[in-house]
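Please look through the predicted model below. The paragraphs after it take up a sheet and then a pair of helices.

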Amino acid sequence: MGKTLAEKIWSEHVVAAAAGEPDLLYIDLHLIHEVTSPQAFDGLRIAGRKVRRPDLTIATEDHNVPTLNIDKPIADPVSKLQVDTLRKNCAEFGVRLHSLGDVEQGIVHVVGPQLGITQPGMTIVCGDSHTSTHGAFGALAFGIGTSEVEHVLATQTLPLLRPKTMAINVEGSLKAGVTSKDIILAVIAKIGTGGGQGYILEYRGSAIRALSMEARMTICNMSIEAGARAGLIAPDQITFDYVQGKAHAPVGADWDSALTYWKTLTTDIDAKFDKEINLNADELAPFVTWGTNPGQGLPLTASVPNPADFSNAEDRGAAERALEYMDLKPGTPLKSIAVDTVFLGSCTNGRIEDLRSAAQVLKGKKIASSLRLLVVPGSARVRLQAEAEGLDKVFLDAGAEWRSAGCSMCLGMNPDQLKPGERAASTSNRNFEGRQGKGGRTHLVSPLVAAATALKGTLASPADL
Amino acid sequence: MEKFIKHTGSALPLRRSNVDTDQIIPAVYLKRITKNGFEDGLFAAWRNDPAFELNQSQYKAATVLVAGPDFGTGSSREHAVWALQNYGFKVILSSRFADIFRGNSQKMGLLTVLLPQDEIEKIWQVVESKPDTAIAVDLAARTVSYADATLNFVIDDYTRWRLMEGLDDIGLTFTKINEVTKFEEKRAVYKPKTLPIR
């Protein structure tokens, strides 16, 4: 029997295997940031260990850094200590670091692909659950905890039990105004936040193949919101074209060898997935979440559901709690919900294509006076590219705030937070209680819906303008 | 890591599904650079509510958390495990755990036990009517016992052995480090490196 793509990559990275034990897996790339690494470096120091492969390790500052006045010292002393600790650790252990102000600084999952160090067939880890983003290149990429960060720093390997595989087949073509964000929100609504637990997801089908690399990254990014540690897409010409020419892409004879290998990275025709899910792209519409977990989503044209209509007691209880937290009443049309803040950014939707698509909606118009629009590029390079294209002008003319790169309001570790009771339409990945600031309420949306909502003041798609 | 063989303690019933790691420990508490002192941040937002279980005196001594399904979803932050341990929890019972959270727990010696949801419901009912009910979790026998009930649970042999011995994964991997070196010698030359900077 043939192998799935995930099984192929897994097998090629097994260093040691024994019956009844986890496989010891080699890690090709380890991404680091300030929040989940300090205790890992401390562990190395206490044990007198070194970083085994600094040349397969790279760090950036993203989670708690400010997006305003980045040329000044970080105002919050606790954030500053954490960033200073990363700088000290990277210097001591010889790890490459892109600090605030550096052109390659930015969200770790934006930086890897833009440097060309994210490539097909690799194993990639980071102390961040959205590492699944890199799966868009046909890499096996997943988030790890701090104990595992220390393990990879010390040994460049991880002991792991082999997950099962699940195919997410998306056939057909997306209607205008429907994006890859809507595909993944629909997938999560269908299988639930626990649906992918224990699986590696492979997104397949004509609708997936038609997507750009950046749109594919948005889908793989949110695999974790479906409960799966990793999600991937077989590499194709779109992938190869995206990687070619990037700073760390192979060149010359190396490119030819790499390409020959990358072309083998598909699921064999006779391979069998442990589970398959089917979705029809033709039927998808712009999606929005109404609750406090990413599985609580509906098409924008729907209304807030009635908890009494859920047959399962857990779902009913969760819906009741969510509506109370979100201050929403059953039957309210989603399009009538007014927001205070629109956040455009994050490792899900903070890339240049995301900014372009939002700018196209906003061009020559003004945002509603009742709200603020925060535009936070995923990396310093994305910011520069946007400025070169004049997108910053479009955002500023529309009344938006144009910020520097970082995770920002996706998780509110820096000063970019919602106030208690404030409501946001956000292109990020998590609508958990308090995620974007204590007491804040989040509706997850695509960049197109974010831009249209900013203009209208209530949840809207460009077709509603 | 401390050895885990058997633990007996009272329980805290947490009747909520999808308790994500942002609820277990909000992001604002993640700025510390040590592994201790996170107990203040445990369920920080919910603790503002006097009715929240953690604030109720009858559950103050609880060391076993009995949680709803999909516990620990979301962010990979191991701080969630540290916060639970710093507060005093030794065992979490649930019908479903998020993969990364479960992995992090197993690295730190916080035991996560999978039980069917109907058994979790029964434990909730018993603990709610009699909060000082002792719950005994025996990793050697793979059982959870309380009142008159004894339930078996499944955990893979390797993880069980590692937890019972209190073994550190990094030390175990170093016993195979020659195999890692051999693997590295065969790696394809076109695989990217972060250094030197290009």
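Strand 6 of chain A, residues 123–126, is paired with strand 7 of chain A through four bridges, and the two run in the parallel sense. Within this pairing, Thr123(A) lies opposite Leu140(A) of strand 7 of chain A.

Both strands belong to an open sheet of five strands in chain A, whose order is 5-4-3-6-7 and whose pairing is parallel. The edges of the sheet are taken by strand 5 (96–98) and strand 7 (140–143) of chain A; each of these has a single partner strand, so one side of each has no neighbour in the sheet. From one strand to the next, the twist averages 20 degrees.

The second topic is a helix pair. Helix 13 of chain A covers residues 352–362 and helix 15 of chain A covers residues 391–398; their axes come within 9 Å and cross at roughly 45 degrees. Because angles from 35 to 65 degrees fall outside both the roughly parallel and the roughly perpendicular ranges, helix 13 of chain A counts as oblique to helix 15 of chain A. The crossing of these two helices is left-handed.

On the side of helix 13 of chain A, the contact is made by Leu355(A), Arg356(A), Ala359(A) and Leu362(A). Helix 15 of chain A meets them with Leu391(A), Val394(A), Phe395(A) and Ala398(A). Sorted by character, the residues of this contact comprise seven nonpolar, no polar and one charged. The charged residue is Arg356(A), in helix 13 of chain A.

Conventions. Residues are numbered from 1 along each chain as its sequence is written. Chains are lettered from A and ligands numbered from 1 in the order in which they are written. This is a predicted model: local features need pLDDT of at least 70, side-chain atom pairs count only at pLDDT 80 or more; totals for chains, interfaces and linings use all residues. Axes are lines fitted to C-alpha atoms, for helices over the stretch in contact, and angles run from 0 to 180 degrees between N-to-C directions. Angles under 35 degrees count as roughly parallel, over 145 as roughly antiparallel, 65 to 115 as roughly perpendicular and the rest as oblique. A crossing is left-handed if the near helix is turned anticlockwise from the far one by less than a right angle, and right-handed if clockwise. Two residues are in contact if their C-beta atoms, placed from the backbone, lie within 7 Å. Two strands pair if DSSP finds at least two bridges between them.
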